[in-house]
Amino acid sequence: MDALDLARWQFGITTVYHFIFVPITIGLSALVAGLQTAWVRTGRPEYLRATKFWGKLFLINFAMGVVTGIVQEFQFGMNWSDYSRFVGDIFGAPLAIEGLLAFFLESTFLGLWIFGWDRLPKRLHLATIWLASLGTVLSAYFILAANSWMQHPVGYTMNAERGRAELTSIAQVLTNSTTLVTFPHTITACFLTAGALMLAVSAWHLRTGNQAEVFRPGLRLGAWVVLVAGLGVLVTGDVQARVMTEQQPMKMAAAEALYDNAAPASFSLFTIGSLDGSEEVYSVRVPSLLSFMATGSPDGEVEGINDIQRTYEQTYGPGDYTPYVPVTYWSFRLMIGFGGLAMLVALVALWATRRGRAPAGRWLWAAAIGTVALPLLANSFGWIFTEMGRQPWTVFGLFTTAESGSPSVSAGEAATSLIVLTALYGVLAVVEVGLLVKYARAGAPEIAPEPGDDDADRPLAFAY
């Protein structure tokens, strides 16, 4: 592989790894804030115990997300300097707002939440976790605005002399139609992920008969969040698919391996084909489903890869504008499949625990505990589809991946950074999983007596 291929592998590995932590952070911060709100309103100790238990897992995950996210910024300069020069004037604004406003908001108020127990009034302390949660959501919005500009460039002008895009309207960038459909889809996926974590950990404790007063409500809360958020993912994903079909028709055609125009177009649940995806050997299909997903009509016409390729050649010049079809085809289905499976497990868990029932059956416990991995896989395949389906472009219609690399970085240097960062992230994965397992197995803390006057000068503790 040359330096460009190695740089792509490195960015893919580190980005997918980083996004394991992001949805848990966003979703779990709001769930912790909700649990603390329930405690403040009712005074019930089980809500306080749940708040502190899930809050500790949230903090571990937040810290790891910050550490792994730093590398993303450096990679733009390390392996993608030409890309950085091209998009720098556009990306500078949303990423600066994300750092100065959103990240400042979440980190500052998270610090107040960690060290404010028994030092701030209850309602003021509650406000700090809600503001930290709001910061995580705003952070996601500004980053998605930057990414959406790569999918659908708006609010810019081309400076031919400098060979780069320059910002003309930050309002258009922040209200990009792609951002407006991507943001709710991503946020609902974050809640799906956090709910699955809550469901899985609660199921593990209930299986051992441990702290049912805390973890039985946690299991049902997590299952409801998975179910409701999953429906939100389906609805927002349907809207996003139609916008994507208008803006990047090649991506939708590649998602179905559809080579010729079709009306109506069926959706294949499973296909066996040639290695390059150009020929179909066997498939299981749902009639008219692709037409509905792409156009909103069961009889709508969906353009095929061959026709889009000819159109792109006329628009952008000679070249191959088709992404690697097997990756887009399977990542699209695995994204949907893993998310749907998580919803199914949540539905079964709610049914099994209805009216105070205790779940029975080893398979149900195993499925509930294993649910934690399903949204993480769905998120990963979703981002792989989003980014790989845009190829050969880094900025759709303006700048290709082949033009985006750092010309001074050799294949050896790219391979070295790939190996080092992958190994480092592997070590961090062991640390992250070890800490989460340790504190998850410890269970919800017992509630200490209210502090007296002699506790005023006690040292600060890790959140509690």
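Ala, Val, Leu, Ile, Met, Phe, Trp, Tyr, Cys and Pro count here as nonpolar, Asp, Glu, Lys and Arg as charged, and the others, Gly among them, as polar. All views show a predicted model.

**Figure 1. The second largest pocket and its lining.** This pocket has a volume of about 970 Å³. It is lined by 41 residues, and His 185, Gly 237, Gln 240, Phe 332 and Met 335 are the closest to its centre. Two or more lining residues come from each of α4, α6, α7 (212-247), β3 (267-273), α9 (289-295), α11 (325-352) and α13. Helix α7 supplies the largest share, 10 residues. By class, the lining comprises 21 nonpolar, 17 polar and three charged residues.

**Figure 2. The largest pocket of the model.** Its volume is about 1,700 Å³. Of the 50 residues that line the largest pocket, Phe 11, Thr 15, Val 16, His 18 and Gln 72 lie nearest its centre. The elements giving two or more residues to this lining are α1 (3-42), α2 (45-78), α3 (81-115), α4 (122-151), α6 (177-207) and α13 (373-388). Helix α1 gives the most, with 15 residues. The lining has 28 nonpolar, 15 polar and seven charged residues.

**Figure 3. The largest cavity.** The structure holds two cavities of 30 Å³ or more, and the largest encloses about 40 Å³ of space. Residues lining the largest cavity include Gln 248, Met 250, Lys 251, Tyr 312 and Tyr 321, together with Gly 389, Arg 390, Gln 391, Pro 392, Trp 393 and Phe 396. This lining divides into six nonpolar, three polar and two charged residues.

**Figure 4. A salt bridge in helix α3, between Asp 82 and Arg 85.** The whole structure has seven salt bridges. In this one, the closest N and O atoms are 2.2 Å apart. The two residues are three apart in the helix, about one turn. Asp 82 has 23% relative accessibility and so counts as partly exposed.

**Figure 5. A salt bridge in helix α7, between Asp 238 and Arg 242.** The N to O distance is 2.8 Å. About one helical turn separates the partners, because they are four residues apart in α7. Asp 238 is partly exposed at 22% relative accessibility, and Arg 242 is partly exposed at 24%.

**Figure 6. A salt bridge in helix α10 (residues 305-316), between Asp 307 and Arg 310.** The side chains meet at 2.5 Å, N to O. Asp 307 and Arg 310 are three residues apart, so about one helical turn lies between them. Asp 307 is partly exposed, with a relative accessible area of 22%. Arg 310, at 45% relative accessibility, also counts as partly exposed.

Definitions and conventions: Residues numbered from 1 in each chain as written. Predicted model: local features only at pLDDT ≥ 70, side-chain atom pairs only at ≥ 80, totals over all residues. Heavy atoms only, no water. 1 Å grid on protein atoms, 1.4 Å probe; cavity = no way out; pocket = protein on both sides within 12 Å on 5 of 7 lines; lining within 4 Å. Points joined across faces, edges and corners; volume = space filled by probe spheres on them. Salt bridge = Lys/Arg side-chain N within 4 Å of Asp/Glu carboxyl O. Buried < 20%, exposed > 50% of the residue type's maximum accessible area, 1.4 Å probe, protein only.
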